[in-house]
Structure formats: C-alpha cells, structure tokens
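Thanks for coming. I will go through the empty space in one model, then a helix and a few single residues.

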Amino acid sequence: MKKRLFSGIQPSGDVHIGNYLGAIKNWVRLIDQYDCLFCIVDYHAITIEYDPKEMQRRIFNAAAVNIAAGLDPEKCTIFVQSHVPEHTELAWIFNTITPIGHLERMTQFKDKSKQHRENINAGLFTYPVLQTADILLYKGEVVPVGEDQVQHIELSREIARKFNMRYGEIFPEPQEILSEAPRIMGLDGKTKMSKSLGNYISLVESPESIWKKLSTAVTDENRKRRTDPGNPDICNLFTLHKYFSKKEQIERINVVCRTAEIGCIECKKILSENMVEHLTPICLKYERLIKNTDSLVNILQTGAKRCRRMAEETMIEVKKKMGLV
Ligand code: TYM
C-alpha cells in the first residue's frame, strides 16, 4: 500500500511560477511514489471577496493548468473541495479542539487581515482548521507545499495529536515536503510571488507578456549603470535562471554579471527565452484542455466520487470515537 499524499491549490486567480516551482513540480515528481490526492480548494478561496460569476471558470482553469503541468489524472485523483461535504463537517469538529491562540499566531491570517481589512471574517480565521480537515479526512501523511504553508501543516499535526489523545487514535500526523524552491519571490523582488499581489508570471503567460514582465522586473538594485558589476547572489532573477536556464548559461551568467560583461537586459532576454521554451508545452496542453470542459467535468466527478467514499468512511470512524452515534 502506498502512503497517501494530499495537497491543494486555491482557484483564486492565475496559477503562477511560484506555485509551480514551490509545489506543483513536486506533486508531479511524487505522483508514482504515493497515492496522490490533489484538491482545488474552493471553500478556502471564498474567504476573500470574489465574483461568483467567475468561480466556475477559475475552478476549470486550476484543473486544466495543473493537468497541463503534469498532473496525469490517470495516476492521481483530482477533485474540487466543495464536491465532498465532509471537509466542512470535519472542520467543524476540529474547530472544537483548536485553541483560538493557535489560530491568532498564524502569519497568513495576520497578512490576509491586513490585506482585506474590510472583510476579516471568521472563515479567514479558521482557514487552517479547514486545511487540516482537508488532509486528515483522507489520513494524508505527506503534504508537498511551499514554505508559506508550513505553519499550517504544523498546526494540522497538533490538531491530529489532540484529537487522537482525546478521542482515540485515528489520524496520522502529516508531514510537509518542501521543494528546492520553497519561496519564490515576486517580480518586485520584495515580497513573495502571489496571486493577490499581481507580482507574478502565470504558468500560461504569453511569450510577449513574459518578456514585458521580466523587462521591468527588479534585479540587483545596487547595479545602477550597465558598467557597474552585478551580484547574482542578491539578484532575484538569477534565482529564476537556476530553475529555467541551462547549466552552462547559469555558470556563465554567474561570472560575467560580476564583471559587467553582461547587462541586465541581455540577462533577462536569456531568461525570457528559456522560460518561454519551458512553459510553451504547458500552454499548448492547457489550451487543448480548457476547450474540452466535458472532459474536465468527467475528471473532477471521478475524483470526487472516490474521495466521497473515503471521506464517508473517515467520518463514521470519527463519529464513533466521539460518541456521535
Ligand atoms: P495556494 O493556492 O496559495 O498555493 C498553492 C501552493 O503553491 C505554493 N506557493 C508557493 N511556493 C513557493 N513560492 C511562492 N511564491 C508560492 N506561492 C504559493 C503554496 O505554498 C502551496 O503549496 N492553503 C493552501 C491550499 C490548501 C492546502 C490544503 C494545501 C488548502 N488545503 C491542504 C495543502 C494541504 C493555499 O492557499 O495554497
């Protein structure tokens, strides 16, 4: 029996290269090794303002981009969170054993409360409890995520431990798996790449748009003139070269940037070309998938069917332990 892997992504806008390098690439890498469940977490996405007319398109978009990036539906289960009602049922139960103090410490809650001052709702506050329910409903043991989610996974371990101690052993303590790029910075070079901050390159960005975004992206800010030597160690785009460019190119840039033999524009052109080369197959596959919504519906329905069966079994076990029979 393979161990179970669970991870999720919000349908809250374009899937970007931060999501890809921080999480999705790892999902694809681990797909044969684990029994993988990937969830489009729409109940999480509604904790901030959104347009209901847009949501269905975003869900299809998230499914299509992830499949295009390598999540083969023949090898893993892809589904939508709200198609399995037990997620919120288990979240309610976990709410009753989660100390408020733990939730108040969550940095994502603090950040999002600052970003959305006009809508600091209870769902935003208890978001990590729902995330715990997502994982534990399927007894997920490993959770590949970016660094920003590690605190939430730590909390899921605490909730699992607390439940097991209070009501009896049911849940594993989930373990995060980080990629080699757990925190990709945005094109501003100052904040994490994020859908909500608009500082990203999408996985299905056009070549023209990739170049436009890279051409204004922040590099080593100490390098004011073309003739100034640069420092790749503190250049945000050099980090991206490491994931998209060829080994010889990276080695060369690491030398010629320091001696000012190459300028930022030329360096960005190389990165842009490599990114386009890397992302074009994903774009082409995405274009094909997004046109065929019937096939996407089929994949998501098959996924939800399998997950509902597992979720029902877990809830029977949970309720028995809790005396809710
Ligand atoms: P979300 O939708 O914000 O992001 C999806 C995944 O992408 C990672 N990520 C990044 N990694 C590196 N650098 C970045 N700049 C970057 N931005 C995003 C995230 O860490 C994440 O792994 N709460 C989750 C979704 C979720 C979930 C779950 C994840 C809900 N339930 C259960 C795992 C298990 C979120 O908002 O991810």
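One definition before anything else: a residue counts as lining a cavity if it has an atom within 4 Å of one of the grid points of that cavity. The helices I name are DSSP runs of at least four residues, numbered from the N terminus. The model is a predicted one.

With that in place, take the second largest cavity, with about 50 Å³ of space. Its lining consists of Gln108, Phe109, Lys112, Leu124, Tyr127, Pro128 and His152. Two elements, α6 and α8, give two or more residues each to that lining. Of the elements, α6 gives the most, with three residues. By class, the lining splits into four nonpolar residues, two polar and one charged.

How many cavities of 30 Å³ or more are there? The count is three. The largest cavity holds about 120 Å³. It has 17 lining residues, and Thr219, Cys235, Cys257, Cys264 and Cys267 are the ones nearest its centre. Helices α11, residues 236-244, and α13, residues 264-291, each supply at least two of the lining residues. That lining is made up of nine nonpolar, five polar and three charged residues.

Now the open space. The largest pocket has a volume of about 1,100 Å³. Its lining comes to 49 residues, with Gln10, Gln108, Asp148, Gln149 and Lys192 nearest the centre. Elements giving two or more residues to this lining include β1 (4-9), α1 (17-30), α6 (107-115) and α8 (127-136). In the pocket lining, 18 residues are nonpolar, 20 are polar and eleven are charged. Gln108 appears here among the residues nearest the pocket centre, and Gln108 also lines the second largest cavity.

Next, helix α4, residues 86-95. Which of its residues are buried? They are Glu86, His87, Leu90, Ala91, Ile93 and Phe94. These buried residues sit on the same side of α4, because they cover an arc of only 160 degrees around the axis. As a reminder, an α-helix has 3.6 residues a turn, so residues three or four places apart point the same way. The buried residues of α4 pack against two strands, β2 (35-40) and β3 (77-80), and against the helices α8, α9 (150-167) and α14 (293-322).

On to single residues. Asparagine 26 is in helix α1. Its relative accessible area is 5%, so asparagine 26 counts as buried. Its side chain makes a polar contact with the side chain of arginine 29, at 2.8 Å. A polar atom of the asparagine 26 side chain also lies 3.5 Å from the backbone oxygen of leucine 178. Leaving aside neighbours within four places in sequence, asparagine 26 is in contact with Pro144, Ile177, Leu178 and Ser179.

Last, the backbone angles. Most residues other than glycine have a negative phi. Lysine 139 is not a glycine, yet has a positive phi of about 50 degrees. Lysine 139 is in the loop between α8 and β4. Alanine 260 also has a positive phi, near 60 degrees, and its place is in the loop between α12 (247-256) and α13. Are these two residues buried or partly exposed? Lysine 139 is partly exposed, at 26% relative accessibility, whereas alanine 260 is buried, at 15%.

Key
Residues numbered from 1 in each chain as written. Predicted model: local features only at pLDDT ≥ 70, side-chain atom pairs only at ≥ 80, totals over all residues. Heavy atoms only, no water. 1 Å grid on protein atoms, 1.4 Å probe; cavity = no way out; pocket = protein on both sides within 12 Å on 5 of 7 lines; lining within 4 Å. Points joined across faces, edges and corners; volume = space filled by probe spheres on them. Nonpolar A, V, L, I, M, F, W, Y, C, P; charged D, E, K, R; others polar. Buried < 20%, exposed > 50% of the residue type's maximum accessible area, 1.4 Å probe, protein only. Arc of directions from axis to C-beta. Contact = heavy atoms within 4.5 Å. Polar contact = N/O pair within 3.5 Å; in protein donor to acceptor, adjacent residues only side chain to side chain.
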